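Trainee: I should like to take a close look at a single part of this structure, namely its aromatic residues. Could you please describe that part and then place it in the setting of the chain?

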Amino acid sequence: MKKCKLGFLIALVSFVVATTAALTAFFIVRDKKKKDDEELMEYLDCSIE
């Protein structure tokens, strides 16, 4: 019974860590893409003038 609880706890912690890492990576990539898009638009605006 004790091993079952320990395994469940380890699985739960692993799930939380993996989910947090995935969300962090998603937000970093999204912010980078947004910044790149803004820089591209600024470049295009400057090159048109």
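Mentor: The account below begins with the aromatic rings and then turns to the chain around them. Please keep in mind that this is a predicted model. The structure contains 1 aromatic pair. Its two members are F26 and F27, whose ring centres are 5.4 Å apart. A pair of aromatic rings is described by the distance of the centres and the angle of the planes. For F26 and F27 that angle is 65°, and the pair is edge-to-face because planes over 60 degrees apart are classed in that way. Are these residues buried, exposed or partly exposed? F26 has a relative accessibility of 47% and therefore counts as partly exposed. F27, at 38%, also counts as partly exposed, because this class lies between the limits of 20% and 50%.

The setting of the pair can now be described. The chain has 1 helix and 0 strands, and helix 1 covers residues 2-48. Taken along the principal axes, the box filled by the C-alpha atoms is roughly 75 × 5 × 5 Å. Of the 49 residues in the chain, 0% count as buried. The chain exposes about 4900 Å², with 72% of this area supplied by carbon and sulfur atoms.

A nonpolar surface patch should also be noted. L6, L9, I10, V13 and V17 make this patch, which has an area of about 470 Å². One of these residues, V13, lies in helix 1 and is partly exposed, with 47% relative accessibility. Finally, the chain carries 8 positive and 8 negative charges, and the mean positions of the two groups are 26 Å apart.

Note on methods: Residues are numbered from 1 along each chain as its sequence is written. This is a predicted model: local features need pLDDT of at least 70, side-chain atom pairs count only at pLDDT 80 or more; totals for chains, interfaces and linings use all residues. Side-chain values use heavy atoms; hydrogens and water are left out. Rings of Phe, Tyr and Trp (its six-membered ring) pair if their centres lie within 6.5 Å; planes under 30 degrees apart count as stacked, over 60 as edge-to-face and the rest as tilted. Buried means under 20% relative accessible area, exposed over 50%, partly exposed in between (1.4 Å probe, protein chains only). Patches are made of residues with over 30% relative accessible area and no salt bridge: like charges are joined within 9 Å, nonpolar side chains (Val, Leu, Ile, Met, Phe, Trp, Tyr) within 5 Å. Accessible areas come from the Shrake-Rupley method with a 1.4 Å probe; for residues, only the protein chains shown count as cover. A salt bridge is a side-chain nitrogen of Lys or Arg within 4 Å of a carboxyl oxygen of Asp or Glu. Helices (H or I, at least four residues) and strands (E, at least two) are DSSP runs, numbered from the N terminus. Lys and Arg count as positive and Asp and Glu as negative; His and the chain ends are not counted. The place of a charge is taken as NZ of Lys, CZ of Arg, CG of Asp or CD of Glu.
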